[in-house]
Amino acid sequence: MIEASVKIIPTRMWQRGPLRQMAASKVTSTFIPYTRTINDLTFAGRYICDRCTEPSQGVYRQNVGEMSGNGHSSEGIDWLCDSCVKGRIRVPLTSEQRQTASMRLAGLRAKRAALSLTLMSAGS
Ligand SMILES: [Zn+2]
């Protein structure tokens with residue numbers, strides 16, 4: 001049962017930590033009592049991805065460059081969900097992109113064929 005009066009507030013769990021759904025009471029069955037009280041919120045729900053802002057079962061820390069040497073900036077650290085982590089490594093082509101790629105390849109082949117034809121006629 002969901003209590004409409006209880007707000008779910010995305011909360012940064014600690015400095016440079018992941019975002020997590022927090023609430024003052026057990027909103028849904030996914031919420032569990034948290035060991036600490038953060039801003040009067042004692043129940044923790046799902047983690048929230050820094051990139052797609054979707055609630056996730058778990059988020060993974062990503063070190064995006066080591067440029068922030070002073071340690072005060074939270075920039076450069078992302079907490080990403082599983083699909084965003086995978087998306088970073090391997091971006092799947094859409095069917096449209098795939099079509100464009102094959103068309104480009106076909107055009108290249110045609111150009112090459114035309115070139116060899118020209119060479120042959122010039123040679124004879
Ligand atoms: Zn994500």
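**Exercise 1. Which residue stands opposite Ala23 in S4? Trace the strand pairings around it.**

Solution. Bear in mind that this is a predicted model.

- Step 1: begin with the partner. Ala23 faces Phe43, a residue of S4.
- Step 2: look at the strands that carry this pair. S2 and S4 run antiparallel to one another, and four bridges link them.
- Step 3: turn to S1. S1 also pairs with S2 in the antiparallel sense, through four bridges. In that pairing, Thr11 sits opposite Arg20 in S2.
- Step 4: check how covered S2 is. Four of its five residues are buried, so S2 counts as mostly covered.

**Exercise 2. Work out the overall layout of the protein.**

Solution.

- Step 1: count the elements. You should get seven strands and two helices.
- Step 2: put them in sequence order. The pattern reads β-β-β-β-β-β-β-α-α.
- Step 3: ask how much is buried. Of the 124 residues, 15% are buried.
- Step 4: see how far apart in sequence the contacts reach. Taking contacts with a separation of 6 or more, 37% are between residues 24 or more positions apart.

**Exercise 3. Find two non-glycine residues with positive phi, and say where each one lies and how exposed it is.**

Solution.

- Step 1: take Arg16, which has a positive phi of about 65° without being a glycine. Arg16 belongs to the loop between strand S1 (9-12) and strand S2 (19-23). Those two strands make a hairpin with six residues between them, and Arg16 is in the turn.
- Step 2: classify Arg16. There are 16 other C-beta atoms within 10 Å, so Arg16 is partly exposed.
- Step 3: now take Asn39, again not a glycine, with a positive phi of about 50°. Asn39 lies in the loop between strand S3 (32-38) and strand S4 (41-48).
- Step 4: classify Asn39. The cut-off for exposed is 12 or fewer other C-beta atoms within 10 Å. Asn39 has 9, so Asn39 is exposed.

**Exercise 4. Which residues make up the largest nonpolar core, and which strand gives the most to it?**

Solution.

- Step 1: list the members. The largest nonpolar core has seven residues: Tyr47, Ile48, Cys49, Val59, Trp79, Leu80 and Cys81.
- Step 2: sort the contributions by strand. S4 and strand S7 (77-81) supply at least two residues each, and S7 gives the most, with three.
- Step 3: zoom in on one member. Leaving out residues up to four places away in sequence, Tyr47 touches Pro18, Leu19, Arg20, Ser56, Gly58 and Val59.
- Step 4: look for another core. There is a second, separate one of six residues, with Val27, Leu41, Phe43 and Ala44 among them. Phe43 is also the residue that stands opposite Ala23.

**Exercise 5. Decide where to hold back when reading this model.**

Solution.

- Step 1: get the overall confidence. The average pLDDT is 80, and 78% of the residues score at least 70.
- Step 2: locate a weak stretch. Residues 66-74 have a pLDDT below 50, and beyond near neighbours in sequence this stretch has five contacts in the model.
- Step 3: draw the conclusion. Predicted coordinates should not be read in detail where pLDDT is low.

Technical notes
Residues are numbered from 1 along each chain as its sequence is written. This is a predicted model: local features need pLDDT of at least 70, side-chain atom pairs count only at pLDDT 80 or more; totals for chains, interfaces and linings use all residues. A residue is buried if 20 or more other C-beta atoms lie within 10 Å of its own, exposed if 12 or fewer, and partly exposed in between; C-beta atoms are placed from the backbone. Two residues are in contact if their C-beta atoms, placed from the backbone, lie within 7 Å. A nonpolar core is a set of buried Ala, Val, Leu, Ile, Met, Phe, Trp, Tyr and Cys residues joined through C-beta atoms within 7 Å. Two strands pair if DSSP finds at least two bridges between them. pLDDT is the predictor's confidence in each residue, from 0 to 100.
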